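Student: I would like to work through this model step by step, with each answer argued from the structure itself. Could we begin as soon as it is on the screen?

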Amino acid sequence: MNQIIPIQSKILSENDRLAGEIRSELRKKKIFSLNLVSSPGAGKTTLLEKTISALQDRIRIGLIAGDVQTENDANRLLKAGGTAVQPLVTAGACHLDAKMISGVLPRFDLSNLDLLIIENVGNLVCPSSYDLGEDKKVVLLSVPEGDDKPLKYPAMFRRSAVLVLNKTDLLGTSDFDIERAKMNARSINPDLHIFAVSCRTGDCLVDWFDWLQEMVKASKGL
Ligand SMILES: Nc1nc2c(ncn2[C@@H]2O[C@H](COP(=O)(O)OP(=O)(O)OP(=O)(O)O)[C@@H](O)[C@H]2O)c(=O)[nH]1
Ligand SMILES: [Mg+2]
């Protein structure tokens, strides 16, 4: 046990160093970047499919689709119209790390991107510890998961700047209370910017699209 802690903190400090390099490279190129995290199935890929359809003509979007196995999500994003999509299969690891991102970044033409979105592995625990060099973490929570999840997995909500509450079309089918979900999330992180959306019906997605466009503009100093 005594040896495990120093090794783990060494891994994390090496990860932070690499993440810092990634962040400065992306900022130099004025690319706004997001790390999308959630439990499996909350709707990360669906949100990205909708984002591609809505913004592809206005913003040059690069996408990294992280998964433990399969390139299914990357293929979905390509099918949705994504033009710069890279799969990142961890082959067992339960999170992405900065070294994996460094390995995949050279496959993009960074001078041709405005926005880079990394879809992390579906997992509400481990990805919270690994900085990928992103500007902001975005955590998704969907209605079927329950409104108590911010309290049970606080690190993810504390380290995220944005919460997307997805699957609002399913409100009323369980005891999920949207106001309680927001209150629980804000009790962990009062600064969370919250979007309540349905990727199925498209409800309120426009607010997410507007925010993304604002962030991209701000990254370019516009
Ligand atoms: N009812 C409803 N279903 C949704 C919504 N958004 C996504 N889904 C469904 O939820 C399921 C999982 O969505 P994905 O987008 O694959 O979720 P994910 O977070 O990318 O999953 P992993 O990559 O495996 O972690 C799919 O069947 C989607 O169609 C929504 O707003 N409402
Ligand atoms: Mg996915």
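Student: Which residues is Leu-48 in contact with, leaving aside its neighbours within four places in sequence?
Tutor: This is a predicted model, and the answer is to be read with that in mind. The place of Leu-48 is in helix α2, and its C-alpha atom is separated by 9.5 Å from that of Leu-36, which lies 12 residues away along the chain. Leu-36 is also one of the contacts, and the full list for Leu-48 is Leu-36, Leu-63, Leu-77, Ile-117 and Glu-119.

Student: Is Leu-48 buried or exposed?
Tutor: The cut-off needed here is that buried means under 20% relative accessible area. Because Leu-48 has a relative accessibility of 1%, it counts as buried.

Student: In what order do the 7 strands of the open sheet follow one another?
Tutor: In general, the strands of a sheet pair through backbone hydrogen bonds, either parallel or antiparallel. In this sheet the pairing is parallel, and the order is β3-β2-β4-β1-β5-β6-β7.

Student: Which are the edge strands, and by how many degrees are neighbouring strands turned against each other on average?
Tutor: The strands that pair on one side only are β3, residues 84-89, and β7, residues 193-196, and these are the edge strands. With direction ignored, the average turn between neighbouring strands of this sheet is 20°.

Student: Which strands does helix α2 touch, and what angle does its direction make with that of β2?
Tutor: Helix α2, residues 44-55, packs on the sheet and touches β1, β2, β4, β5 and β6. Helix α3, residues 72-79, also packs on the sheet, where it touches β2, β3 and β4, and its direction makes about 155° with that of β2. For helix α2, the angle with the direction of β2 is about 165°.

Student: How many residues of β2 are buried?
Tutor: Ile-61, Leu-63, Ala-65 and Asp-67 point one way from β2, whereas Gly-62, Ile-64 and Gly-66 point the other way, and all are buried. The strand is thus described as mostly covered, and the number of its residues that are buried is 7 of 7.

Student: How many bridges join β2 to β3?
Tutor: On the side of β4, strand β2 pairs in the parallel sense over 5 bridges, and there Ile-61 stands opposite Leu-115. Towards β3, the bridge partner of Ala-65 is Pro-87. The strands β2 and β3 run parallel, and the number of bridges that join them is 6.

Student: In β6, what is the bridge partner of Val-138?
Tutor: The strands β5 and β6 pair in the parallel sense over 5 bridges. Within this pairing, the residue of β6 that partners Val-138 is Val-162.

Student: Is Asn-166 buried or exposed?
Tutor: Asn-166 has its place in strand β6, which spans residues 162-166. Beyond its sequence neighbours within four places, its contacts are Ala-42, Gly-43, Leu-141, Ser-142, Val-143, Val-197, Ser-198 and Cys-199. Because its relative accessibility is 3%, Asn-166 counts as buried.

Student: Which element gives the largest share of the lining of the largest pocket?
Tutor: The largest pocket has a volume of about 340 Å³, and of the 22 residues that line it, the closest to its centre are Gly-41, Ala-42, Gly-43, Thr-46 and Lys-167. The elements that give two or more residues to this lining are α2, β2 and α3. The largest share, 3 residues, comes from α2.

Student: Which backbone nitrogen does the side chain of Asp-131 reach?
Tutor: Asp-131 is placed in the loop between β4 and β5, and because its relative accessibility is 18%, Asp-131 counts as buried. Not counting residues up to four places away in sequence, Asp-131 touches Asn-15, Asp-16, Ala-19, Arg-23, Ala-98 and Lys-137. At a distance of 2.9 Å, its side chain reaches the backbone nitrogen of Gly-133.

Student: What is the phi of Thr-70, and where is this residue found?
Tutor: Thr-70 is found in the loop between β2 and α3, and it is partly exposed, with a relative accessible area of 39%. Although Thr-70 is not a glycine, its phi is positive, at about 75°.

Notes:
Residues are numbered from 1 along each chain as its sequence is written. Chains are lettered from A and ligands numbered from 1 in the order in which they are written. This is a predicted model: local features need pLDDT of at least 70, side-chain atom pairs count only at pLDDT 80 or more; totals for chains, interfaces and linings use all residues. Side-chain values use heavy atoms; hydrogens and water are left out. Helices (H or I, at least four residues) and strands (E, at least two) are DSSP runs, numbered from the N terminus. Buried means under 20% relative accessible area, exposed over 50%, partly exposed in between (1.4 Å probe, protein chains only). A polar contact is a pair of N or O atoms within 3.5 Å; within protein, one must be able to donate a hydrogen and the other to accept it, and residues adjacent in sequence count only if both atoms are side-chain atoms. Contact means heavy atoms within 4.5 Å. Two strands pair if DSSP finds at least two bridges between them. Axes are lines fitted to C-alpha atoms, for helices over the stretch in contact, and angles run from 0 to 180 degrees between N-to-C directions. On a 1 Å grid over the protein atoms alone, a cavity is a set of points where a 1.4 Å probe fits but cannot get out, and a pocket is an open set with protein on both sides within 12 Å along at least five of seven lines; lining residues have an atom within 4 Å of a point. Grid points are joined across faces, edges and corners, and a volume is the space filled by probe spheres set on the points.
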